Amino acid sequence: MRAIEIPKPGAADVLRLCERPLPVAGQGELRIRVHAAGINRPDVFQRMGSYAPPPGATDIPGLEVAGEIVDGDLAASGFKVGDMVCALVQGGGYAEYVTAPVEQCLPVPRGLSPLEAASLPETFFTVWSNVFDRAQLGRGETLLVQGGTSGIGVTAIQLATALGHRVFATAGSDDKARACEKLGAARGINYRTEDFAAVVRELTGDTGVDVILDMVGGDYLPREISCLADDGRIALIALLGGSKGMLDMGQVLRRRLTITGSTLRPRSVAFKAAIARQLRAKVWPLIEAGDIKPVIYESFPLEQAAKAHALMEGSTHVGKIMLQVL
């Protein structure tokens, strides 16, 4: 099969089209003929040599796909050969075939193309796990999304809005801030020209937001604390701004604040399966009703994966960057 490999760490142009043996589905796995795959920031970090695959995972990048089931452990799976599914995988998505745990596969939502469906798993698993499971965003609470036009951002804005929450989001330009508002954010904030903490305090009557989804870290932390409501929670999912930040522990104590973080890729199949069940029950109906829509900025053929990575690193996109495999 054709696949994209990373022969050595480096810039986007190190990505290389190659031939690899077909993967073999093990117990509890399905083999999928990939129609489309998503590009995600962890793929870029893996290419640069700073995010190694978990032990036992393939070195082929790619964490989400959609395609057709060709074989595998179908007993009691609820699927059959020929079914179209989207799946979260530990790696291997940039290829014509991939294996995925049955429990991490979801049916392609009605009305969506394989390309659209392939844009869902990584961001929806991540947002649900962090915003709703870990940070426990509850009825009537508000959310601040850092990086509102990223794949994670557009998912978080739409999902929280569809579930009835007031959402604010930061972005790197006025145009991107307006794009966040079109997706459902009550206010998009240009972090280059505005102090997001001051804007949030003003918009909430100095109360602050209940939950912040943060993929920046670094010097954002003290400003986030300043615009977090009492009993507020920060869910940290990436460190684009650095791994160290100042923390006023007095505020944490006095205002009962929670700072939590997680990475999804190394978690167990059982953990991801629990998220998949919640997504199918609570989120897939919203997608099929049109309340949440995939946001795809651009797609590239498999052999142009390097161009897709370069686009992601330029950070000009709004939504997902995809690979069209079939």
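Residues are taken as buried when their relative accessible area is under 20%, as exposed when it is over 50%, and as partly exposed in between. The structure described here is a predicted model, and the salt bridges are treated before the aromatic pairs and the surroundings of helix H1.

With the cut-offs for exposure in mind, arginine 178, at a relative accessible area of 33%, falls in the partly exposed class because this value lies between the two limits. The side chain of arginine 178 meets that of glutamate 181 in a salt bridge, with an N to O distance of 2.9 Å, and glutamate 181 is likewise partly exposed, its relative accessible area being 27%. Both residues belong to helix H5, which spans residues 174-182, and they are 3 residues apart, about one turn of the helix. In an α-helix there are 3.6 residues a turn, so residues three or four places apart point the same way.

Over the whole structure, a search finds 16 salt bridges. One of these joins arginine 16 to glutamate 5, with 2.4 Å between the closest N and O atoms. Arginine 16 lies in strand E2 (residues 16-19) and glutamate 5 in strand E1 (residues 2-5), so that the pair ties together parts that are 11 residues apart in sequence. The two partners fall into separate exposure classes, in that arginine 16 is partly exposed at 43% relative accessibility, whereas glutamate 5 is buried at 12%. Both also take part in a network of salt bridges that links Glu5, Arg16, Arg20 and Asp59.

A further salt bridge is formed by glutamate 288 and arginine 110, whose closest N and O atoms are 3.0 Å apart. Because glutamate 288 lies in helix H9 (residues 269-288) and arginine 110 in the loop between strand E7 (105-107) and helix H2 (114-118), this pair ties together parts that are 178 residues apart in sequence. Glutamate 288 is partly exposed, with a relative accessible area of 30%, while arginine 110 is exposed, with a value of 61%.

Turning to the aromatic residues, the count comes to 3 aromatic pairs. Among them is the stacked pair of tryptophan 128 and phenylalanine 132, with 4.7 Å from centre to centre and 25° between the planes. Both residues lie in helix H3 (residues 121-134), 4 residues apart, about one turn of the helix; tryptophan 128 is buried at a relative accessible area of 5%, and phenylalanine 132 is buried at 10%. The rings of phenylalanine 196 and tyrosine 220, by contrast, form a tilted pair, because their planes stand at 40°, with the centres 5.1 Å apart. Phenylalanine 196 lies in helix H6 (residues 196-203) and tyrosine 220 in helix H7 (residues 220-226), so this pair ties together parts that are 24 residues apart in sequence, and both of its members are buried. An aromatic ring is also involved where arginine 267 lies over the face of phenylalanine 271, at 3.7 Å from the ring centre.

In helix H1 (residues 41-48), the buried residues are Pro42, Asp43, Val44, Gln46 and Arg47. These residues pack against strand E3 (29-39), helix H3 and helix H10 (305-314), and just after H1, glycine 49 takes a positive phi of about 90°. At the surface, Leu247, Met249 and Ile259 form a nonpolar patch with about 250 Å² of accessible area together, in which methionine 249 is placed in helix H8 (residues 249-255).

Key: Residues numbered from 1 in each chain as written. Predicted model: local features only at pLDDT ≥ 70, side-chain atom pairs only at ≥ 80, totals over all residues. Heavy atoms only, no water. Phe/Tyr/Trp six-rings, centres within 6.5 Å; stacked < 30°, edge-to-face > 60°. Helix = DSSP H or I, 4+ residues; strand = E, 2+ residues; numbered from the N terminus. Buried < 20%, exposed > 50% of the residue type's maximum accessible area, 1.4 Å probe, protein only. Lys NZ or Arg CZ within 6 Å of the ring centre and 35° of its normal. Patch = residues over 30% accessible without salt bridge, like charges linked within 9 Å, V, L, I, M, F, W, Y side chains within 5 Å. Areas by Shrake-Rupley, 256 points an atom, 1.4 Å probe, with all protein chains shown as cover. Salt bridge = Lys/Arg side-chain N within 4 Å of Asp/Glu carboxyl O. Contact = heavy atoms within 4.5 Å.
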